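Reader: Hi! Could you pick one part of this structure and walk me through it closely, with its surroundings and its partners? I'd like one connected account rather than a list.

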Amino acid sequence: MEVFNSRSLKPYSTFGIEAKAGLFVECNKLWQILQVLEQFNREPLLILGGGSNILFTKDVEGLVLKNELPGITAEAESDDFMLVKAGAGENWHQFVRYCIQQNWGGIENLSLIPGNVGAAPMQNIGAYGVEIKDNFYSLEALDLKTGNLRTFSAADCKFAYRESVFKRDLKNRYLITSVCFRLSRKNHQLHTEYGAIRDELKQGTTNLPDLLAISDAVIRIRQSKLPDPAKIGNAGSFFKNPVVEQKQYEQILEQYPDLVSYPAGEQKHKLAAGWLIEKAGWKGYRKGDAGVHARQALVLVNYGNASGKEILQLSQDIISDIQQKFGVILEREVNIY
Ligand code: EPU
């Protein structure tokens with residue numbers, strides 16, 4: 001285990017933004033993490049997973065600990081279900097594909113989401129009608145204050161739309177070491193209700209989709225709309241889809257009858273932020289190397305050498321414009337450092 005001084009973080013975030021870590025260490029064993037915490041306990045600490053939901057706007061003065069804890073194990077099984085535990089450092093998409101190979105169902109709609117297993121519950125990742133909370137069983141996390149391991153149930157995690165306790169009350173307090181999922185072994189509950197998946201499956205040959213067909217469909221949809229971080233820096237959706245009250249929804253709808261939205265509980269509506277941003281004229285916008293993706297306006301991109309501050313400024317300009325045009329305040333989904 002090597003501790004590096006002044007390490008460039010550019011390769012460690014999917015935005016590909018230049019920033020330096022004062023100290024940087026990668027750990028693939030729990031004892032290494034404990035040792036590092038003891039050794040550098042006065043340093044401010046940033047824990048990094050796959051780096052797919054962070055925008056660096058400055059250097060990190062303290063220690064960056066890249067969580068690489070590996071391993072996938074079947075913990076328990078019944079006729080119908082598996083409990084499968086994955087180390088926080090496992091690549092999310094590879095884990096999803098591994099489960100599909102074993103015919104374990106539940107997370108196939110979450111194929112091709114960048115990042116690692118450990119970060120998935122932090123923001124309750126979701127796509128195409130499924131969120132991680134739907135198949136979550138428990139997770140283990142290291143209390144950074146006491147060094148003790150604690151098990152969190154789904155209720156403990158307080159999952160909500162792109163939210164968990166780890167982004168709120170317990171921010172920076174825990175390092176997630178592993179996540180356990182409850183996956184189906186048969187009678188899989190397939191989620192094909194999302195329009196794009198239905199359309200994509202119709203193109204295929206099979207009438208009865210299986211886990212693999214859904215995963216492949218999701219991959220094709222994502223590849224057609226979302227920029228590949230290996231080619232163009234980005235962190236997926238930069239903003240959350242905002243939820244507004246009935247009255248405001250009706251006001252916007254009156255002015256824009258083609259508004260895209262979804263019911264979000266009683267008298268509430270979730271608006272497609274991508275639609276708002278596109279309608280406001282930002283889709284495909286570019287200033288220097290910072291831009292709004294041409295096929296999905298919810299995704300901000302770094303064409304090469306944008307700084308984190310430039311991307312942040314672009315996001316601020318979009319927020320102000322959307323507020324002015326629609327009276328809606330967009331909230332960032334990506335963590336800003
Ligand atoms: N839309 C536009 N213009 C755009 C983008 C979207 O008009 O430029 C409208 C379209 O009508 C489209 C609708 O918005 O039908 C919804 O778009 P899409 O299906 O692409 O989904 P999204 O609401 O933009 C959310 C998630 C994505 C997830 C998809 C699919 C959030 C913040 N984002 O995006 O998650 O993949 O649904 O379920 O909830 C991520 O979190 O990083 C992410 C990519």
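Author: Happy to! One term comes first: two strands are said to pair if DSSP finds at least two bridges between them. Keep in mind, too, that this is a predicted model.

Let's settle on strand 10, which covers residues 136-143. Is this strand mostly buried or exposed? Six of its eight residues are buried, so strand 10 is largely enclosed by the rest of the structure. Buried here stands for under 20% relative accessible area.

Now for the partners. One of them is strand 12, made of residues 174-184, and the two run antiparallel with seven bridges between them. If you would like a place to start in your viewer, look for Leu142: across from it, in strand 12, stands Leu175.

Strand 10 also pairs with strand 11, residues 149-153, again in the antiparallel sense, this time over five bridges. Here Leu139 is a handy landmark, since its opposite number in strand 11 is Phe152.

How do you get from strand 10 to strand 11? The two form a hairpin, and five residues lie between them. While you are in that turn, check the backbone at Gly147, where phi is positive, at about 80°.

To put the picture together: strand 10 has antiparallel pairings with strand 12 and with strand 11, the latter through a hairpin, and six of its eight residues are buried.

How values were computed: Residues numbered from 1 in each chain as written. Predicted model: local features only at pLDDT ≥ 70, side-chain atom pairs only at ≥ 80, totals over all residues. Heavy atoms only, no water. Buried < 20%, exposed > 50% of the residue type's maximum accessible area, 1.4 Å probe, protein only. Helix = DSSP H or I, 4+ residues; strand = E, 2+ residues; numbered from the N terminus.
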